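Trainee: Could you take a close look at one part of this protein with me, the disulfides and the sheet around them? I would like one connected walk through it.

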Amino acid sequence: MLKNNAKKTAISVASTACICLLLLLVAAQHQRVQVKEVHDEKDIGTRSLQSLDIEATDGAQGTSHQDNPESQAKKGFSAYFSKLTRGRREIEKPHLSSLSTTDASPVEDINADDIFIAVKTTKKFHQSRMNVLLDTWISRNMQQTYIFTDGEDEELRKKIGSHAINTNCSAAHSRQALSCKMAVEYDKFIESGKKWFCHVDDDNYVNMRILVKHLSQYPHTQDMYIGKPSLDRPIEATERLGDNKMRPVNFWFATGGAGFCVSRGLALKMSPWASGGHFMNTAEKIRLPDDCTVGYIIESVLGVPLTRSNLFHSHLENLQQVPRSEINKQITLSYGMFENKRNIINMKGAFPVEEDPSRFKSVHCLLYPDTHWCPPQVAY
């Protein structure tokens, strides 16, 4: 009997040891996966900062990048990060219903005249980019739209009058030049007395009807920062505090390439860091471009979170993912190139791609078929 008991005890101990060993193996494997994921996240975060740094300094350093192998390597990282981000978004893209505006009852009764739309451009793009905007969505929103550029243009002034604003900022695509223009945009908005400040780039189409409907869901007196991030995690930056002291900060920001809106109530609170030239000083503290600086002031300094909207679109995302049936329900659209391929929305439209490479003319005819230059009876 003692032998049987001893045998049972030995079997029990062996079984317990086997189970423990299996549990240890599973735990070790899980820990390796977690470590790998953390490492990958850090690597992606580094690439995102490299990408921003390249964009911010591209204009300042000019063509010297072409002959610099290290710069070419950095650009490779930037392209890889963009491709990786697009791939993740394609897997994690939101349900179709989130691409269309909600039918919620308006919180505030506003109209187009309550919105200040700032379009950032540069003189060299007045012909190639601004003309299509002036012929399409701006043509119906002249009183609400202000064009911020860096050089005098009599033709542009004839078309839009005093709403063509020469910021006297540098034409370079550097963070300093971009922040200089944003500083002027902010001051002009405050002077206007309008309820909403919305910033877009010269490669954006703005659907004003949807923008008004969307903003009417929020009170302009409250703290509202609405847009779409281009990164899939908060950006990490270094804040310079003076006396050679620095501290790390991280925050979300809405990319200017898709457009974003700020309520007047929040814009007024931004004044100590944004008005009268303070915006450029704030941008210099974190050494990041204009849209990042707006996010820093709102999220990191004032503690107001970004309200995300998938109705804003930039050339940094795969625009082919916008369904044809939802095109008329978006706030902004964009266009661009990626790996020598057109990155444009997928639609038949009133014009062939060769004649309408941005697809903005076709979008405009979809929204406003009564436009005199739109061909009649077009299938979309």
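**The disulfides and their surroundings**

Mentor: C198 is buried, and C261 is buried as well. Keep in mind as we go that this is a predicted model. These two cysteines form a disulfide, with their sulfur atoms 2.1 Å apart. The torsion about the S-S bond of C198 and C261 is about 110°, so this disulfide is right-handed. C198 belongs to strand β4 and C261 to strand β9, so the pair ties together parts that are 63 residues apart in sequence.

Now let us place those two strands. Seven strands make up an open sheet of mixed pairing, and its order reads β3-β2-β1-β4-β9-β6-β10. The edges are held by β3 (164-166) and β10 (307-308), each having a single partner strand, so one side of each is left without a neighbour in the sheet. In that order β4 is followed by β9, and these are the strands that hold C198 and C261.

On the other side of β4 in the order comes β1, and then β2. Strands β1 (residues 115-120) and β2 (residues 145-149) run parallel and are joined by four bridges. For I117, the bridge partner in β2 is T145.

Helices pack on these strands too. Helix α3 (residues 126-135) lies across β1, β2 and β4 (196-201), and it runs at about 175° to β2. Helix α10 (residues 290-301) lies across β1, β6 (225-227) and β9 (260-263), at about 140° to β6. One more cysteine deserves a mention here: C292 has 0% relative accessibility and therefore counts as buried.

Let us move to the edge strand β3 and the loop that lies between it and α5 (175-192), where T167 is placed. T167 has a relative accessible area of 10%, under the 20% cut-off, so T167 is buried. A polar atom of its side chain lies 2.7 Å from the backbone oxygen of T149. Leaving aside residues up to four places away in sequence, T167 touches F148, T149, D150, K181 and V184.

That loop also holds one end of another disulfide. C169 is joined to C180, at an S to S distance of 2.0 Å. C169 sits in the loop between β3 and α5, while C180 sits in helix α5, so the pair ties together parts that are eleven residues apart in sequence. The link of C169 and C180 is left-handed, with -75° about the S-S bond, and both cysteines are buried.

The remaining pair to visit is C365 and C374, which form a disulfide with sulfur atoms 2.0 Å apart. Their link is left-handed, with -90° about the S-S bond. C365 is buried, with a relative accessible area of 1%, and C374 is buried too, at 9%.

To put the bonds together, a search of the whole structure finds three disulfides. If you number the bonded cysteines in sequence order, the pairing reads 1-2, 3-4, 5-6. As you browse the model, you could start from the link of C198 and C261, which ties β4 to β9, and then go on to the link of C169 and C180, with its end in the loop after β3.

How values were computed: Residues are numbered from 1 along each chain as its sequence is written. This is a predicted model: local features need pLDDT of at least 70, side-chain atom pairs count only at pLDDT 80 or more; totals for chains, interfaces and linings use all residues. Side-chain values use heavy atoms; hydrogens and water are left out. Two strands pair if DSSP finds at least two bridges between them. Contact means heavy atoms within 4.5 Å. Axes are lines fitted to C-alpha atoms, for helices over the stretch in contact, and angles run from 0 to 180 degrees between N-to-C directions. Buried means under 20% relative accessible area, exposed over 50%, partly exposed in between (1.4 Å probe, protein chains only). A polar contact is a pair of N or O atoms within 3.5 Å; within protein, one must be able to donate a hydrogen and the other to accept it, and residues adjacent in sequence count only if both atoms are side-chain atoms. A disulfide is a pair of cysteine sulfur atoms within 2.5 Å.
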